[in-house]
Amino acid sequence: VVITILALLTAAVAVAVIPSLEQAKVDIARQDLATIQGALKTYYVKKGNYPDTGTGLKGVVDARILDKIPMDPWGKEYVYLNEGGKPEVRSYGKDGAPGGTDYDADISSNDSNTKK
């Protein structure tokens, strides 16, 4: 009986905690994107332009603005795109693939909710 009660309590805690952990990772990704955007602005001030898509965030590391290429909370590199305008940095979320919903959804520096 005691083991059953402990198992039920453990399951209830897991159901409550796991979504909080995933939301924390989304929040960390948004904070990282804001930090990377700041580094890109510094790069722009130093060089007069943003790195192209081919150079990516490696250009910011080579310019010694960031120590290393940042990884998202799910262990994947952030995706950098610069198609001649304002650069975009994104994480593909938990699933690591474009698109998705909930915790698998893309998180972009161009999203208005990135700066929350």
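Across the whole structure, which is a predicted model, a search for aromatic pairs finds 1. The partners are Tyr 44 and Tyr 50, whose ring centres lie 4.8 Å from each other and whose planes meet at 35°, an arrangement classed as tilted. Tyr 44 has a relative accessible area of 40% and therefore counts as partly exposed, and Tyr 50, with a relative accessible area of 25%, is likewise partly exposed. Because a residue must be under 20% to be called buried, neither value, 40% for Tyr 44 or 25% for Tyr 50, places its residue in that class.

From this pair one can turn to the interior. The largest nonpolar core is made up of 17 residues, and those with the most contacts inside it are Ile 36, Leu 40, Leu 57, Val 60, Tyr 78, Val 89 and Ile 107. Two or more residues of this core come from each of the elements α1, which spans 2-47, and α2, which spans 58-62; the element that gives the most is α1, with 7 residues.

Val 89 offers a convenient place from which to look around this core. Setting aside residues up to four places away in sequence, Val 89 touches Leu 33, Ile 36, Gln 37 and Leu 40, together with Leu 57, and it also touches Tyr 78, Val 79, Tyr 80, Ile 107, Ser 108 and Ser 109. Several of these partners, including Ile 36, Leu 40, Leu 57, Tyr 78 and Ile 107, are themselves among the core residues with the most contacts.

The loop between α2 and β1, the latter covering 79-81, holds Glu 77. With a relative accessibility of 48%, Glu 77 counts as partly exposed, since the exposed class begins over 50%. Once neighbours within four places in sequence are left aside, the contacts of Glu 77 are with Ile 69, Pro 70 and Met 71. Between the C-alpha atoms of Glu 77 and Tyr 92, residues that stand 15 apart along the chain, the separation is 9.5 Å.

Arg 64 also has its place in the loop between α2 and β1. Its backbone deserves a look, for the phi of Arg 64 is near 65°, a positive value in a residue other than glycine. Arg 64 is exposed, because its relative accessible area is 76%. A positive phi, of about 55°, is likewise found at Asp 102, which is not a glycine either. Asp 102 lies in the loop between β2 (88-91) and β3 (107-108), and its relative accessible area of 67% is why Asp 102 counts as exposed.

Technical notes:
Residues numbered from 1 in each chain as written. Predicted model: local features only at pLDDT ≥ 70, side-chain atom pairs only at ≥ 80, totals over all residues. Heavy atoms only, no water. Core = buried A, V, L, I, M, F, W, Y, C linked by side-chain atoms within 4.5 Å. Buried < 20%, exposed > 50% of the residue type's maximum accessible area, 1.4 Å probe, protein only. Helix = DSSP H or I, 4+ residues; strand = E, 2+ residues; numbered from the N terminus. Contact = heavy atoms within 4.5 Å. Phe/Tyr/Trp six-rings, centres within 6.5 Å; stacked < 30°, edge-to-face > 60°.
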